[in-house]
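I opened the model to go through its chains, their contact and a few local backbone features. These are my entries, in the order in which I looked things up.

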Number of protein chains: 2
Amino acid sequence: MREVDVAIIGAGSAGLTAFSEVNRVTENVVIIEAGVGGTTCARVGCMPSKVMIQVAEDFHRREYLATEGIMGAEHLRLDIPAAMAHVRKMRDRFVASVMGGTVARAGDRYIRGKARFCGMNILDVDGQKIKAGKVILATGSRPFVPEGWERLPVPVYTSDTLFEQEDFPASLAVMGTGVIGLELGQALARMGVEVTAFGRSGRVAGITDPELNTSAVTAYSREFPLRFSRDIRVEPIAGASKVRIVWPEGSVEVDGILAAQGRRPNLDDLGLEPLDIPRDEHGIPLFDPQTMQVGDLPLFIAGDVTGSLPVLHEASDEGRIAGYNAVNSVQRFRRKTPLLVVFTDPNVMQVGQTYQQLRDAGTPFEVGQVSFEGQGRSLVMGRNCGLLRVYGHRDSGALLGAEMMGPAGEHIAHELAWAMERGLDVFEMIRLPFYHPVVEEGLRTALRELAARVDRRKARWELSFA
Amino acid sequence: MREVDVAIIGAGSAGLTAFSEVNRVTENVVIIEAGVGGTTCARVGCMPSKVMIQVAEDFHRREYLATEGIMGAEHLRLDIPAAMAHVRKMRDRFVASVMGGTVARAGDRYIRGKARFCGMNILDVDGQKIKAGKVILATGSRPFVPEGWERLPVPVYTSDTLFEQEDFPASLAVMGTGVIGLELGQALARMGVEVTAFGRSGRVAGITDPELNTSAVTAYSREFPLRFSRDIRVEPIAGASKVRIVWPEGSVEVDGILAAQGRRPNLDDLGLEPLDIPRDEHGIPLFDPQTMQVGDLPLFIAGDVTGSLPVLHEASDEGRIAGYNAVNSVQRFRRKTPLLVVFTDPNVMQVGQTYQQLRDAGTPFEVGQVSFEGQGRSLVMGRNCGLLRVYGHRDSGALLGAEMMGPAGEHIAHELAWAMERGLDVFEMIRLPFYHPVVEEGLRTALRELAARVDRRKARWELSFA
C-alpha cells in the first residue's frame with residue numbers, strides 16, 4: 001500500500017493550491033483527479049464565460065456606435081460558431097496553463113482516478129490503496145439539474161456543456177437568475193438568442209439590497225425578459241422539439257434550456273457515509289472556515305465542495321489553509337473581506353457584509369449611494385447605467401459593505417474590499433486621491449453621502465492638516 | 001470701491017473650489033473670470049478629450065471583432081463631423097453642469113472681466129476697482145504655440161481649438177508626445193487622420209521609466225509613427241497648403257499641426273510686475289504647496305497657473321487649500337499621493353514617486369513588474385498589451401511608486417495610489433483579496449515579484465494568522 005503524508009482528492013483550484021502548499025513541507029503528497037482536470041474555473045467557469053461575455057459585449061456595443069458617429073453597425077453580425085470556437089480556443093489556452101503548471105510539476109504524484117474512502121486514512125483509487133496521514137477533500141461542485149429534465153425534448157445545457165456548443169437554439173429559457181444565470185443569460189441574449197430568464201426569488205445576481213435589485217431587474221429587463229415566480233413549470237409540447245415554460249401570468253415556448261439553478265457539492269460516491277464525520281443538512285462535512293479542518297479529524301476540506309460561494313480566490317485561500325494545516329500544527333487563519341464580482345454589463349458586485357446580512361444582524365448602518373446615470377466618466381464611456389450603495393456603521397462610519405451594479409464594478413469592488421480589509425472608515429476613504437474623470441468619482445459621491453449621514457461636520461474634511 | 005474679503009481671479013476648477021471653500025466662512029467673496037468660463041477641464045480638457053478618445057477607441061475596436069466571430073466590421077466607417085458633434089454635445093453638458101453649479105450659486109459675486117493688480121490688495125476689473133483682503137490667483141494655463149506658427153499655411157490646432165473642428169485634415173503632425181499629444185494623437189490616428197507624432201526627448205506620456213517607455217513607444221508606434229529628435233523643423237511648402245516637418249533622418253508633408261508642446265501659466269497682463277512678489281525663473285510666484293500662500297503675502301495661488309501637473313484633482317485640492325487659508329489662520333495641509341492617468345489605450349499611469357525621482361534621490365528600491373501580454377483577464381478582453389512596474393523600498397518593502405501602460409490603468413492607478421496614501425508595504429498589499437479573473441491579478445504578479453526581491457521569506461505569506 002502506497003503511504004503518503006497527504007492525499008488531496010480533486011485537482012481543481014483548491015486542490016492544486018493545497019498541493020503547492022503541502023509541497024513546501026513534504027514531497028510525499030498525491031493529488032487525485034477523477035475528471036479530465038483543468039479546474040472548473042478554466043474549463044467551464046470563470047474563463048470561458050468571461051470570453052463569451054466579452055464577445056457578447058463587443059457585439060452589443062454596436063447599438064451605441066451611431067451615437068458616436070460610427071456608421072455601418074447594422075452590417076455587423078455574429079457568427080456564433082466562430083464566436084464559440086474563439087471561446088474554446090481561449091479556454092484551451094487557460095486549461096493548458098493550469099495543466100502545465102502545478103499538474104506538470106506534480107508528475108506521478110498526480111493520479112488520474114476515482115477516490116473512495118475505505119477508512120478515515122485509507123483511500124481506494126480505482127483499486128489502488130493509498131494510506132494518507134491527512135486527506136484534503138477538494139472535489140468541487142457541479143451544476144444542479146432537476147430530476148427528469150434529461151427526458152425533455154429539448155437540449156438542457158449547463159455551464160458544463162454550454163461552451164461546447166457549436167451553435168445555440170433560436171430561443172432558450174435560462175432557469176435561474178443568480179450569478180451564472182444572469183451572466184450567461186445576458187451574453188446569450190446579446191449573441192442573438194431569444195432568452196427568457198426565470199427566477200424564483202425575484203432577486204438577481206445575488207443582490208440582497210432591495211433598491212439595487214429593483215434597478216438591476218429594470219436594467220437587465222431592457223435586454224431580455226425576466227420572469228419571477230415560485231410556480232414555474234416546464235412542459236413538453238407533444239410532437240414538437242420545444243418545451244413550454246409556464247408561470248402564473250403567462251407562458252413561453254423555447255427550443256432549449258440553460259439550467260442555472262445553483263451547484264451541488266461533489267460528495268457522492270466518496271464512501272463518506274460509513275465514516276464518523278459530522279455533516280450538515282446538505283451532507284457537507286462540518287468544518288472550521290479558519291482552519292478548514294473537519295472537526296479534529298485528519299481531514300480537511302477546501303473549495304466549492306464546502307458549499308460556500310464558488311469563487312476562485314476563496315477556493316485558493318481555502319486550499320492554502322487546508323494545505324498548510326495538513327502539514328503543520330493547525331493554525332487559525334484570518335479570512336479575507338468577502339468579494340464577489342458578477343461580469344454582467346454593467347457589472348454587479350458585493351463586498352464585505354451584504355445589505356441582508358447587516359439587516360439580519362441588526363447592525364445600525366447608514367447608506368450612501370450614487371446613480372451612474374449622470375456620472376461624468378460613465379457618460380463619457382456611454383456606460384452610464386447603474387447604482388452603487390455603500391454601507392457604513394451609523395456611529396463610527398466604519399465601512400461595512402457595498403452592493404453595486406455599474407461600470408467598472410470589478411475595479412470598484414477591489415477598491416472597496418481593500419479599504420475594508422485595511423479597516424478604513426468612510427472619512428478616511430474620502431480623503432484618498434481621486435483622479436478626474438473616473439468612475440471612482442462616482443464611488444466618492446456615494447462615500448460623501450454616507451459620510452455626511454454619519455457625521456456632517458467630519459464629512460467636510462477631504463484634506464488633512466500636515 | 002467694492003471691498004471684499006477675498007477676490008479670486010479665475011473661475012476654473014481651482015478658483016471655483018476656492019470660492020466654495022471661502023464661502024463657508026464669508027459670503028463677501030468675488031470670483032472674476034476673463035474668459036467664457038466653464039473650466040479648462042470641462043470645456044477644452046479632460047472631458048471633450050475623453051469623449052473623443054472613447055469614440056476613437058470604439059472605432060478602433062473593429063480590428064478585433066473578427067477574432068471574436070463578429071463579422072462585417074469592414075463596413076464600419078467614422079463620420080467625423082458626427083463624431084465631433086457628439087464630442088461637443090457631451091462637452092456642452094459638462095460645461096453646463098459647471099456653470100449651473102458653483103457659478104450659478106455665486107450669483108453677482110461671479111464677475112465677468114479681466115482683473116489686473118493695482119496694488120497687492122487692489123484689483124482693477126475692466127475699470128471697476130475691488131479692494132480684497134486676500135487674493136487667490138487661479139488664472140490657469142494655456143497651450144504653448146511656438147512663435148511664428150500662426151503664419152504657417154496650414155491650420156495649427158491646440159486642445160483649445162481641436163474640439164471645435166467639424167472635420168480634420170487628411171494628415172496632421174502632432175508636435176509633442178506628452179500626455180496631451182499622445183492622447184489626442186492616438187485618437188486622431190484611430191479616427192483615420194494620418195498622424196505623425198514628434199517629440200524631443202524620446203519619452204512619451206510623461207513616462208520616466210526607461211523600460212516602460214520603450215514598451216510604450218513600441219506599442220503606440222504600431223498605430224502611428226513617433227519621431228524623436230531635438231532638431232525638428234517646420235517648413236512651409238511654397239504654393240501649397242502643406243508644411244514639411246523635417247528631422248535629421250527624414251521628412252513628412254502634413255496638412256495641419258496639433259501643437260502639444262506643453263502649457264504656459266496665464267500670468268501676463270495681470271499687473272504683477274510692479275508688485276514685490278518673489279517669482280521663479282518662469283515668472284511663477286513662489287508659493288508653499290502645503291499652504292498655497294505666496295511668501296507671507298495676502299496672496300494665494302492655485303491650479304494650473306502654479307505650473308505643476310495640470311490635473312483637476314490637484315487643482316481642486318489647491319483651490320480648497322488656498323480658499324481655506326484665505327479666510328482662516330494659515331494651516332499646512334498634507335498633499336496627496338501623486339496620481340496621473342493618461343487615457344491612451346492602453347492607459348498610462350504614474351503614482352507616487354516616478355522612477356526618475358527615485359533614481360535622482362538615490363533611494364534604494366526594487367522593481368516588481370508584470371507584462372500584460374499573457375495576463376488572463378487582459379487576454380479575455382483582447383487587451384493584453386502593456387507593462388506595469390512597481391517600485392518598493394529595498395529594505396522595508398514600502399511602496400514608493402509605480403509606472404504602467406496597460407489595461408484598466410485608471411483603476412490600477414487608484415488602487416496603488418490609495419495603498420501608498422495609506423502607507424501599505426508590498427507584503428500587506430499581497431495579502432489583500434484579489435478576485436479572478438481580473439486585471440488586478442496582474443498587479444499582484446508585479447507585487448509578488450517585488451515582495452520576493454525585498455524579502456523572499458516574508459513574500460510567502462499571502463494569508464495572515466487570525
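The entries below cover conventions, symmetry, the interface, strand pairing and unusual backbone geometry.

**Conventions.** I am working with a predicted model, in which local features need pLDDT of at least 70 and side-chain atom pairs count only at pLDDT 80 or more, while totals for chains, interfaces and linings use all residues. Residues are numbered from 1 along each chain as its sequence is written, chains are lettered from A and ligands numbered from 1 in the order in which they are written, and side-chain values use heavy atoms, with hydrogens and water left out.

**Symmetry.** I superposed the copies by least squares on the C-alpha atoms of residues with pLDDT of at least 70 in both. A turn of 180° and a shift of 0.0 Å along the axis lay chain B on chain A with an RMSD of 0.0 Å. The two copies are thus related as by a two-fold rotation axis.

**Interface, extent.** I took contact as heavy atoms within 4.5 Å. On that basis chain A and chain B each put 88 residues into the contact. I then checked whether the copies use the same surface: 100% of the interface residues of chain B are also interface residues in chain A, so they do.

For the area I used the accessible area (1.4 Å probe) that two parts lose on being put together, summed over both. The two chains bury about 8000 Å² between them, and 65% of it is on carbon and sulfur atoms. I noted that B:Trp418, B:Tyr435 and B:Leu463 supply 11% of the area that chain B buries against chain A, more than any other three residues.

**Interface, polar part.** I counted a salt bridge where a side-chain nitrogen of Lys or Arg is within 4 Å of a carboxyl oxygen of Asp or Glu. Side chains of opposite charge can pair when their charged atoms come close. The rule finds 67 salt bridges over all chains, and 10 across the interface of chain B and chain A.

I looked up two of the pairs. A:Arg61 bridges to B:Asp58, with the closest N and O atoms 2.7 Å apart. This pair crosses between chains, from the loop between helix H3 (46-60) and helix H4 (62-65) of chain A, where A:Arg61 sits, to helix H3 of chain B, which holds B:Asp58. The other pair is B:Glu462 with A:Arg320, at 3.4 Å from N to O.

A polar contact is a pair of N or O atoms within 3.5 Å; within protein, one must be able to donate a hydrogen and the other to accept it, and residues adjacent in sequence count only if both atoms are side-chain atoms. I find 30 residue pairs in polar contact across the interface, both at pLDDT 80 or more. Helix H3 (residues 46-60) of chain B gives the most to the side of chain B that touches chain A, with 8 residues. That side divides into 46 nonpolar, 16 polar and 26 charged residues. Ala, Val, Leu, Ile, Met, Phe, Trp, Tyr, Cys and Pro count as nonpolar, Asp, Glu, Lys and Arg as charged, and the others, Gly among them, as polar.

**Strands.** Helices (H or I, at least four residues) and strands (E, at least two) are DSSP runs, numbered from the N terminus, and two strands pair if DSSP finds at least two bridges between them. Between the chains, strand E26 (residues 464-465) of chain A pairs antiparallel with strand E20 (residues 333-334) of chain B over 2 bridges. There, A:Phe465 has B:Phe333 as its bridge partner.

Within chain B, strand E6 (residues 115-119) and strand E7 (residues 122-125) are antiparallel over 4 bridges, with B:Arg116 opposite B:Asp124. A hairpin of 2 residues joins E6(B) to E7(B). E7(B) also runs antiparallel to strand E8 (residues 128-137), through 4 bridges, and B:Ile122 has B:Lys131 as its bridge partner.

**Backbone.** In the E7(B)-E8(B) hairpin, B:Asp126 takes a positive phi near 50°. I found phi of A:Asp126 near 50° too, positive in a residue other than glycine.

I also logged two cis peptide bonds. One joins A:Asp345 and A:Pro346, with omega about 0°; A:Pro346 lies in the loop between strand E21 (339-342) and strand E22 (347-352) of chain A. The other joins B:His436 and B:Pro437, with omega about -5°; B:Pro437 lies in the loop between helix H13 (426-429) and helix H14 (440-454) of chain B.
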